[in-house]
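Okay, thanks for making room for me in the slot. I'd like to walk you through one model, so let me put it up on the screen.

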4 protein chains.
Amino acid sequence: MARPVPHALADYPHRRDITTRWMDNDAYGHVNNVVYYSYFDTVVNDWLIRRGLLDVERGALIGLVVETGCHYFEPLTYPETVTAALRVAHVGNSSVRYEVGLFGEGRDRAAAQGHFVHVYVDRDTRRPAPLPAPWREALAALRVPGVSP
Amino acid sequence: MARPVPHALADYPHRRDITTRWMDNDAYGHVNNVVYYSYFDTVVNDWLIRRGLLDVERGALIGLVVETGCHYFEPLTYPETVTAALRVAHVGNSSVRYEVGLFGEGRDRAAAQGHFVHVYVDRDTRRPAPLPAPWREALAALRVPGVSP
Amino acid sequence: MARPVPHALADYPHRRDITTRWMDNDAYGHVNNVVYYSYFDTVVNDWLIRRGLLDVERGALIGLVVETGCHYFEPLTYPETVTAALRVAHVGNSSVRYEVGLFGEGRDRAAAQGHFVHVYVDRDTRRPAPLPAPWREALAALRVPGVSP
Amino acid sequence: MARPVPHALADYPHRRDITTRWMDNDAYGHVNNVVYYSYFDTVVNDWLIRRGLLDVERGALIGLVVETGCHYFEPLTYPETVTAALRVAHVGNSSVRYEVGLFGEGRDRAAAQGHFVHVYVDRDTRRPAPLPAPWREALAALRVPGVSP
């Protein structure tokens with residue numbers, strides 16, 4: 001159970017602020033571990049939608065989540081605003097491994113970091129579909145050299 | 001089942017932006033009705049905490065929710081940012097009736113509006129406690145004349 | 001702000017057990033007020049789906065929530081199992097007013113009770129649609145005389 | 001990105017049914033990936049609380065989540081009831097690595113499986129505390145030989 005080193009904000013090319021909610025806090029007064037994944041989900045899909053890649057209602061591709069994971073270093077607490085930072089570690093034929101760092105308000109050291117693997121499938125057949133060129137180009141801008149082969 | 005008229009942003013003295021999350025959307029592709037109440041909860045407690053009134057871990061007073069309600073007019077949809085607008089309709093001896101309007105991004109007409117009634121109790125006895133003077137003064141700034149006796 | 005009297009289990013013709021979750025508890029160690037509405041949502045849709053009325057993916061009708069409300073009397077706490085009890089207070093041309101009582105494990109007095117109003121709309125036009133006969137027949141079994149005109 | 005083989009129910013010594021909720025479903029009509037972790041959280045804490053080990057309000061020990069992860073194989077869908085199955089893969093001085101399998105209603109092949117690592121800390125100092133003997137004895141019953149060193 002080796003622990004990774006918390007990332008810095010500069011390790012990620014894209015950022016998005018996410019407001020915490022009262023109900024994010026659990027019985028110990030900190031954001032519940034499950035909620036961190038809702039921030040992962042939000043920063044990835046937000047990036048895809050705002051770049052015009054993912055169209056939830058009509059797009060040809062749907063992103064299915066096949067694997068996620070998170071290491072937790074420090075608590076996050078409502079009502080602070082969390083910065084979700086995003087990078088791409090690997091682009092496969094029809095899958096993308098995203099990496100997300102979550103930073104407390106005004107902090108440069110990740111409170112938590114993890115990964116989120118999407119397989120893109122055809123909306124109708126639900127079979128993996130090759131990533132179109134515009135997706136590859138956009139994803140290249142989030143690619144951080146050296147984080148993974 | 002008479003339907004109220006949707007409020008305008010100007011009907012509320014306080015506002016706070018809340019980022020929607022991917023998982024807020026339900027099977028019909030819009031923010032689920034339950035999630036609206038998490039925005040209510042968030043704007044009320046955020047206002048109380050940032051003004052130094054509510055101290056979740058150590059404060060003498062705890063807010064218990066005794067009644068909530070909401071009318072829904074139009075869908076909200078991830079990834080838009082929602083503006084939660086807040087006013088106070090009634091201040092009792094130990095209770096406050098807050099009213100909240102939720103506005104879609106760039107909209108001036110409420111997508112939904114409702115109420116949220118807190119009774120403030122002593123942390124230890126959990127018995128209703130009279131609202132201290134600093135609370136009454138702060139709440140007065142959110143009071144909108146005429147919305148309720 | 002008159003407080004209603006908590007209902008008994010016998011006031012409702014239908015019941016469904018719902019398991020609470022660790023993250024339902026908020027910073028005060030009780031199920032958060034927002035989560036109660038997820039129980040409302042769950043018992044209503046579960047009843048509609050299991051009776052073959054609502055087909056989320058393909059059905060002609062979609063239920064839009066236009067109004068909800070809840071009175072809270074006593075805390076619910078993870079890990080207890082909650083009983084959600086359901087009745088119908090009013091059936092309109094294309095709308096139904098459901099009433100829900102939530103009961104703690106082994107309790108006969110509602111911890112909370114409220115209402116949930118669905119308007120049924122055509123999936124494509126999203127315009128209100130008259131309730132089909134099989135819906136009316138099924139809903140009649142949940143109708144409790146006297147609870148509302 | 002090698003994919004593990006889905007587990008069988010018999011691979012886990014403990015099981016708990018968890019009811020899905022309407023709002024668990026996301027815009028694609030299946031339980032959202034984040035929600036799976038709320039099932040993990042629920043089966044672990046439920047087991048600890050019902051055995052009298054964890055006392056959220058007054059116990060000397062608090063469980064902090066330091067790492068979680070999940071592989072997703074098949075969708076889960078409201079309103080089915082999910083079986084969360086639990087085993088212990090590793091017991092350290094003050095930490096436990098739990099493994100959880102999630103099974104759709106009537107299914108013997110995991111829809112998803114993952115891990116959940118708790119570090120137990122002193123409530124006041126928040127420093128790791130050695131696991132007491134009653135904890136070690138109870139956890140031994142969930143230990144599955146061979147799943148991890």
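Here's what I'd like you to look for to begin with: which strands does helix α1 of chain D lie across, and at what angle does the helix run to β3(D)? This is a predicted model, by the way, so keep that in mind throughout. The helix, residues 33-50, lies across β1, β2, β3, β4 and β5 of chain D, together with β2 of chain A. Its direction is at about 65 degrees to β3(D).

So what is a strand of chain A doing in that list? Look at the sheet underneath. It's an open sheet of 10 strands, and the order goes β1(A)-β3(A)-β4(A)-β5(A)-β2(A)-β2(D)-β5(D)-β4(D)-β3(D)-β1(D), with antiparallel pairing. β1 (14-19) of chain A and β1 (14-19) of chain D stand at the edges, and each has a single partner strand, so one side of each is left without a neighbour in the sheet. On average, neighbouring strands here are turned by 25 degrees against each other, ignoring direction.

Now the helix from chain A. α1 of chain A, residues 33-50, packs on this sheet too, touching β1, β2, β3, β4 and β5 of chain A together with β2 of chain D. Its direction makes about 65 degrees with that of β3(A).

Let me zoom in on some of the pairings. In chain D, β2 (residues 61-72) and β5 (residues 112-122) pair antiparallel over 11 bridges. If you want a spot to click on, T68(D) stands opposite F116(D) in β5(D).

In chain A, follow L86(A) in β3(A). β1(A) and β3(A) run antiparallel and are joined by six bridges, with H14(A) standing opposite L86(A). β3(A) also pairs with β4(A), again in the antiparallel sense, over eight bridges. There the bridge partner of L86(A) is V100(A) in β4(A). And β3(A) and β4(A) form a hairpin, with three residues between them.

Right, over to chains B and C. What is the strand order in their sheet? It's an open sheet of 10 strands, running β1(B)-β3(B)-β4(B)-β5(B)-β2(B)-β2(C)-β5(C)-β4(C)-β3(C)-β1(C), with antiparallel pairing. At the edges you have β1 (14-19) of chain B and β1 (14-19) of chain C, each with a single partner strand, so one side of each has no neighbour in the sheet. The twist averages 30 degrees from one strand to the next.

Out towards the chain B end, β1(B) pairs with β3 of chain B, residues 81-91, antiparallel over six bridges. The bridge partner of I18(B) in β3(B) is V82(B).

In the middle, the two chains join strand to strand: β2(B) and β2 of chain C, residues 61-72 in the latter, pair antiparallel over five bridges. H71(B) stands opposite E67(C) there.

How many residues go into the contact between B and C? Chain B puts in 20 residues and chain C puts in 20. On the chain B side, α1 (33-50) and β2 (61-72) each supply at least two residues. The largest share of that side, nine residues, comes from β2(B). By class, it has 12 nonpolar, five polar and three charged residues.

Now the symmetry, which I suspect is what some of you were waiting for. Chain B can be laid on chain C by a turn of 180 degrees and a shift of 0.0 Å along the axis, with an RMSD of 0.0 Å. The two copies are therefore related as by a two-fold rotation axis. In chain B, the C-alpha nearest that axis belongs to G69(B), 1.9 Å from it. Also, 100% of the interface residues of chain B are interface residues in chain C too, so the copies meet through the same surface.

There's another such pair. A rotation of 180 degrees, with 0.0 Å of shift along its axis, superposes chain D on chain B with an RMSD of 0.0 Å. There too the same surface serves both copies, as 100% of the contact residues of chain D recur in chain B.

Last stop, helix α1 of chain C. Residues 33-50 make it 18 residues, and it reaches 27 Å from its first C-alpha to its last, close to the 26 Å expected at 1.5 Å a residue. Of those 18 residues, 16 are buried, so the helix is largely enclosed by the rest of the structure. After α1(C) comes G52(C), whose phi is positive, near 75 degrees.

That's my tour, so over to you.

Notes:
Residues numbered from 1 in each chain as written. Chains lettered and ligands numbered in written order. Predicted model: local features only at pLDDT ≥ 70, side-chain atom pairs only at ≥ 80, totals over all residues. Contact = placed C-beta atoms within 7 Å. Helix = DSSP H or I, 4+ residues; strand = E, 2+ residues; numbered from the N terminus. Nonpolar A, V, L, I, M, F, W, Y, C, P; charged D, E, K, R; others polar. Pairing = 2+ DSSP bridges. Axes fitted to C-alpha atoms, helices over the stretch in contact; angles between N-to-C directions. Least-squares fit on C-alpha atoms with pLDDT ≥ 70 in both. Expected span 1.5 Å × (residues − 1). Buried ≥ 20, exposed ≤ 12 C-beta atoms within 10 Å, placed from the backbone.
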